[in-house]
Structure formats: structure tokens, C-alpha cells
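The following exercises concern the contacts and the symmetry of a predicted model. Please attempt each task before reading its solution.

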Amino acid sequence: MRIDIATLSAHLEKVRTLAPLVHHITNYVTVNDCANATLAIGASPVMADDLAEAPEMTRIASALVINMGTLNARTIGSMLASGSVANACDIPVVFDPVGVGATAFRSDTAARLLREIRFSVIRGNASEIMHIAGMDVRAKGVDTGCVQADFEKTISMLQCRTSSGTIYAATGATDVVVADCGAALIENGHPAMARITGTGCMCTSLIASFCGAGVPPFEATVCGIAVMGIAGELAYERTAKEGVGSMRVRLIDEIGNMSPETLERRLKITCEKR
Amino acid sequence: MRIDIATLSAHLEKVRTLAPLVHHITNYVTVNDCANATLAIGASPVMADDLAEAPEMTRIASALVINMGTLNARTIGSMLASGSVANACDIPVVFDPVGVGATAFRSDTAARLLREIRFSVIRGNASEIMHIAGMDVRAKGVDTGCVQADFEKTISMLQCRTSSGTIYAATGATDVVVADCGAALIENGHPAMARITGTGCMCTSLIASFCGAGVPPFEATVCGIAVMGIAGELAYERTAKEGVGSMRVRLIDEIGNMSPETLERRLKITCEKR
Amino acid sequence: MRIDIATLSAHLEKVRTLAPLVHHITNYVTVNDCANATLAIGASPVMADDLAEAPEMTRIASALVINMGTLNARTIGSMLASGSVANACDIPVVFDPVGVGATAFRSDTAARLLREIRFSVIRGNASEIMHIAGMDVRAKGVDTGCVQADFEKTISMLQCRTSSGTIYAATGATDVVVADCGAALIENGHPAMARITGTGCMCTSLIASFCGAGVPPFEATVCGIAVMGIAGELAYERTAKEGVGSMRVRLIDEIGNMSPETLERRLKITCEKR
């Protein structure tokens, strides 16, 4: 397993040239940030969550995001139906299992989505991904750290699961992307990102933007996480004196300004073969 | 048909003096931006979408916005009932047919709203307005360009329709406002506005703010579009080095700071008699 | 009744050390701002509104916010069930009766919530709190001033009601916090805050963040209002040349940067014994 950085930065141009339509069924907390992050990277966001149209909207999209934040009974059917259409049409589906493990409702819904939909990528924080991998993690709301010791075990467990072809990504201090053939560790980002709501959700939207431009899921995941992490570093550097409100604004600036050169220069990635 | 620029800038003062209450039944993607844009221009936003109260809230409002973004079955009844109350009470209703043409659900709902509610103004992007005018436009999600050739034809078709008194506005590189007695072309704005979600929705809220202050619909539409476009130009000029995240913040600044002098100095408008 | 300012600033450190989970059932207009304000003060926000999980999420939270903005039939049951769980588990509940008095739906719902849930704190603007206190106030949407003459009477009425232990806070030009043993007047803040949507909602989230860290409700309310007001002053001072969009961003910066020293230096509080 090898990542060619020049290839990654070429993917960035691809998103901007193709401007893929990325359909989101997502939460109302961070939805505006997801839309702006999607536009900033060069893709085109659409949000439609009613069962009467979500599957039809999915059909004209290039990628689908299913994000479980503010999960509610009304939209679960839309998620299932849209995921099913996406699978039938070979449209990549990216899953963000926000808060899985925090309540039975989220865990049960995630389990059902995992049973019925084939995901290209699943991205969450460490505890969410550990939960998905079958570990017994007690989540504290939707923002939670992970027990490092268990994490190595999680990666191994995920690698077994990736035989289905799904890419798993746990983002945090170190971002881990797991494929069946290996894993990548990304060391970009800044701790202050955890003080801004939606950095995880936006990362998921970026991954879906790359997927929607035809980038293979593993590379799309690395690209989305890399852009988010580097944008976070730059945003922090440029707003450290102001604070987290300014950093949040600057994050979108930096996603929009991301150049292949910046990506190549700042990316801190290590690849491990399985 | 003639637009007196001094009159337009007087309307700006009117909004700030009267601070009309603008009721929105709108989407959860850009709703915060709409509220802040409404406050910035000097009006007062309220958002209530439950059938149990939306018509009552409409009754105490000075204008009603019906915006189809994140359209869902739950709120269609609220839109119809609120529109009906507004019509009965002579409260102007502004319609933003977000994504009409993208799915049958949106097109059918738009058709029903058009049948049952008398709109003062309908504002959308070119493809949405062409769809409303009865052209067969295949929308790509909610952000789409238009075939320029067909556009002239659309304007003529819209002019026939405006016998009902509705003002049609298609915003984009050039903004077109069509009334039965003529049309206005506005050349303000900046292409970077398309990279920020909600610039269309905010424009609709501004139009409704002017309507709510008692400005006649044609002039209210010109005012709303002019303020949005000029704010976009100024925001771009002042944040070009930073990026689209900063531009989005600055847009609200510039709407809030808009002076009659700036409006008069920067407005690029051409009026055509029918 | 006496407020010790050193104690208040110690509470700030407590929030940052404990990072309490604050569960919100709130509106989709200002929810992102509430999440970011909660993170900025050092607490951890979660938003879950489906009846299938809201009570369970409440059980793992340290405080619950019930905010009536964009009130809808779907979530009233979640509010009642979550409030009931919070009461049973001694988790403080903070109520923001957005727009109460504007429609029968809001007034009836507020009345039902007041009957069935024991609130630690109720924060609103003056007209909302006067309505809650039983005065006949005709609200204009959700942003409204109050008749100063009636306000003194309201405070007396609230003091009678606080025998239940609930703290009442009416925020505006002067913020009033009423407990059974006395009241505090806070003179911080800036008029420009009224031109930004969500400053009230964010204030409620801050109060809940302090409650969630174990701060007694009266002091938690004073702390939340003080932080919001001082952040508003600082944000205005630093963005007066730019405008309200920039001020909104800076508000979050200043909440995040709030130090015990700043709080002690700038707080303008007067306490009155009953």
C-alpha cells in the first residue's frame, strides 16, 4: 500500500473541475457548515430529507452522505431508501454515525443502516468507529475520546471487516484510515478543532465530495481528512490571537483556498501494509 | 417603466424605521443566515413552521417568506395555511422555489403552492424561474445555470404571467426582475457569491423585508436584489485575500452597513419597458 | 444576598475543567450558535430531539436546555419526557420560552411545560418573562421590548413565584435575575447584540453549561448572562468598524477567551435583597 501525494493533489483539481452534486441527509446543527465546506472544496451540496424525494435526489447526485446527528424517526426511512438507490446506481455512500453508542436509538439505527446499505466510507470519531467495529464503548454524547489501548485492537477488527470493501476512518488527534489492504495514519489537524462544532461532519462532506468526483474511496477518505486537517492547522495559525469563532470562519477559507502545493507540502501521512 | 434610485434608497430607511416582522417557513440549511440578513437590513425575523401556529404567526407579520429548501411533508400544510392567511390579510408573500424541477415532490409542491397562494414575488435562480415559467428545465440539484438562449423566451413568458401581478426575479450573473409593465436588469454581485450557501435565500428574505415595510413588490424586489448584490461586491473586495468563509461573514456586515449613498453609487440597473 | 465575584470567576474554571455535557432540545435557527457557544465556554453540547432517544440522552447529560424556538408537535413530547427524566435524576433544566405570547400554541405549550417540569432557570427577553409571570403581554414575534412601568411589577410577581426555587432571568438592556431571596441587575452587553440572531439562545446555553458544572442556579444564571454580556461588549468594541456579521463571529471568540480577570474587571452587577 502506497499513497502518491501527487495523485492526491490531482484529485483536488478533479473535484473542482467536476463539481459533483453531493446529497446530504444530515443533522440541523452543522448542516450549514457542511454545505459551505462542500462548496468551498468545489463540489455542489444538496440537502433533501423527505422520503417523498430523497431517493429521487440521490439518483441525480454523485455521492450521498448519511449523517446520524439529530437523528429522527422521520428521516430514517429516507436514509434507507436513499442508500438503497445509491447502492443500486453505484453512487458512493459515506456514513457518519454521529453519537452511535450514546443511545439505543442511535445504535439500533446504525446497525440497521449497516445491514441494509453498503457504505463506501464510514467516518466517525474514535469511540464511534470502535462502536461500529463491535467494541463495547460507552459513548459520552457525541464528542468523545477513545481508550488508546483498545484502539489498536479496533484497527485490526476493522481490517477484518473491510473485506466488504468499506473504508473505516476514525478522526481525532491522529486520524486512522483503514482499508482491507492496509491503513494510513494522518497527523494533520489541530486540537482547537475539537472546540468547533461540525469539524467531523464537514470532514465527512469533504470525503463524499472526493468520492463524488470519482476518486476511489480509500484515497477520497485520505484526501478529505487531509484537506480538513491542513485547513484546521492553517486556520488555527491565522486566528490563534482571535479565537475559535474566527477559526471556524477561517476553516472554510482554507478549505476553499487549498492548493495542491499546500496539500503536498503539509500532509503528514504514514501508510502501513496489512 | 422607470426606477428612481433616490426612491430605492428611501425604502432602505423605511425598513430600518418600521422594522417589519418577516415570518419565514424555510429550510434548516440557510435559516440562520436568513435570520441574520433580515436583522442586518433592519427587519425582524421570525421562524415558525408548525401548522398549529404558522398561520397565527403570519397574521401578526408584515411579510411571509415561503422557501422550499429541505421541503418536507410536515410543513407543506403550514405553507398553504399561512399563505392563505397572508392572502386574506393582504400580507405580501415571497416565494423561493428552491430546487423546483429537481424532483417531482418539489415540482408538484410548487405547482400546488402556485395554484393556492397569490405571491407578490417569486425569486429563484434562472433554472428555477424557467421551470416556474413552464419551461422544461432539467435542474441539477438546487444550484444550476441556465441556457441563455431560452432565457429571453422565459422573460416573455413571465411577462404574460405577470398579469396576475406577481413579480418574477431570476438571480444569477445578471439579475432579471420581471413585472407586467416591464423588466429591470441588475448587474451587481460577484461570482464568488455562488460559492456561499444561502445567498439566494438571503436575497429572498431581503425582498420580503422591503415588502414588509410597505414597499411595492417590484421596487421591493429590486431593492432586495440590489442590496444583496452590492453587499456581495463589497464583501468580496474586502475578503478576497481571505476566502469564502470570511466573505460570508462580511456579507452580513455589508447588508447591515448598506447606506442610501452606497446603494445609489453602486447600483447598476437598466429598465426596459414591455 | 451577595454575589462574590471571585466565586463567579471560579465557576468559569469549573465549567472548563468538568466540560459538562449539555443536552439541547432546541430550534433549528440558532442551534449551531448554541453548540459553538457551549463549546466555547468549555462545555460539551449534544442535540437530540426524537422521543425515542431524547430522554436517554438526558440521563447521561449534566444539564438540559428546552428552547421553544421553531416549536413543533414532534418535539413537545420529547421535551416533556426529557424534562421528566431530568427532574427524576436531579439534572438541572433551563427553559427558554422563545416567542411565548406570540401564538396560542407557544403559550399553551409553555404553560404545559411549566406545569409538568420543574425548571432550575427560565431565561427570556422581558416580554417573554412577563408573559411567564402571568402578565398580559402582547408579544411581537420573538424579539420584543417591554413596558418598563410593568416591569417592576413583574419582578415582584416573579419573586412570589420563585418560592418554587426557579430562577427567572429577563435579558435586555438591563438583565434582571430574580431569586426568592433577592435579585441581581446586570448592566453588561451592547445594543448591537439585538441585531444578531441567537444571542438570547446562546445565553441560555451558557447558563445551562454553568448549571451542568454544578454551579447553583442563581449563580449559574448570573455567570451565563455576565459572560454573554461581556463577550458582547468586547465583540462590539473589536468589530464596530466591520459590522454585525463580524461581531457575531467575535462573540464566540470572546466567550472562548473569557478569563476570570476579564469577568471580574468588567462585570457590572448590583444585588438587591428581597
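**Exercise 1. Determine how many residues chain C and chain A each bring to their contact, and describe the area buried there.**

Step 1. With contact taken as heavy atoms within 4.5 Å, chain C contributes 31 residues and chain A contributes 30 residues.

Step 2. Between chain C and chain A, about 2400 Å² is buried, and carbon and sulfur atoms give 52% of this area. Buried area is the accessible area (1.4 Å probe) that two parts lose on being put together, summed over both.

Step 3. Asn32(C), Leu39(C) and Glu53(C) supply 19% of the area that chain C buries against chain A, more than any other three residues.

The model is predicted: local features need pLDDT of at least 70 and side-chain atom pairs count only at pLDDT 80 or more, while totals for chains, interfaces and linings use all residues. Side-chain values use heavy atoms, without hydrogens and water; residues are numbered from 1 along each chain as its sequence is written, and chains are lettered from A and ligands numbered from 1 in the order in which they are written.

**Exercise 2. Identify which side chains form the salt bridge between chain C and chain A.**

Step 1. A salt bridge requires a side-chain nitrogen of Lys or Arg within 4 Å of a carboxyl oxygen of Asp or Glu. The count between chain C and chain A is one.

Step 2. Glu53(C) and Arg106(A) are the partners, at 2.9 Å from N to O. Glu53(C) is also one of the three residues named above for buried area.

**Exercise 3. Establish what symmetry relates chain C to chain A.**

Step 1. A turn of 120° with a shift of 0.0 Å along the axis lays chain C on chain A with an RMSD of 0.0 Å (least squares on the C-alpha atoms of residues with pLDDT of at least 70 in both).

Step 2. This is therefore the relation of a three-fold axis.

Step 3. The copies use different surfaces, since 10% of the contact residues of chain C recur in chain A.

Step 4. Within chain C, Tyr28(C) comes closest to the rotation axis, its C-alpha lying at 3.5 Å.

**Exercise 4. Describe how H1(A) and H9(A) are packed.**

Step 1. Helices are DSSP runs (H or I, at least four residues), numbered from the N terminus. The axes of H1(A) (residues 5-18) and H9(A) (residues 217-239) come within 10 Å and cross at roughly 80°.

Step 2. H1(A) is therefore roughly perpendicular to H9(A) (65 to 115 degrees; axes are lines fitted to C-alpha atoms over the stretch in contact, with angles from 0 to 180 degrees between N-to-C directions).

Step 3. Thr7(A), Leu8(A), His11(A) and Leu12(A) of H1(A) meet Glu219(A), Val222(A), Cys223(A) and Val227(A) of H9(A).

Methods
Helices (H or I, at least four residues) and strands (E, at least two) are DSSP runs, numbered from the N terminus. Angles under 35 degrees count as roughly parallel, over 145 as roughly antiparallel, 65 to 115 as roughly perpendicular and the rest as oblique.
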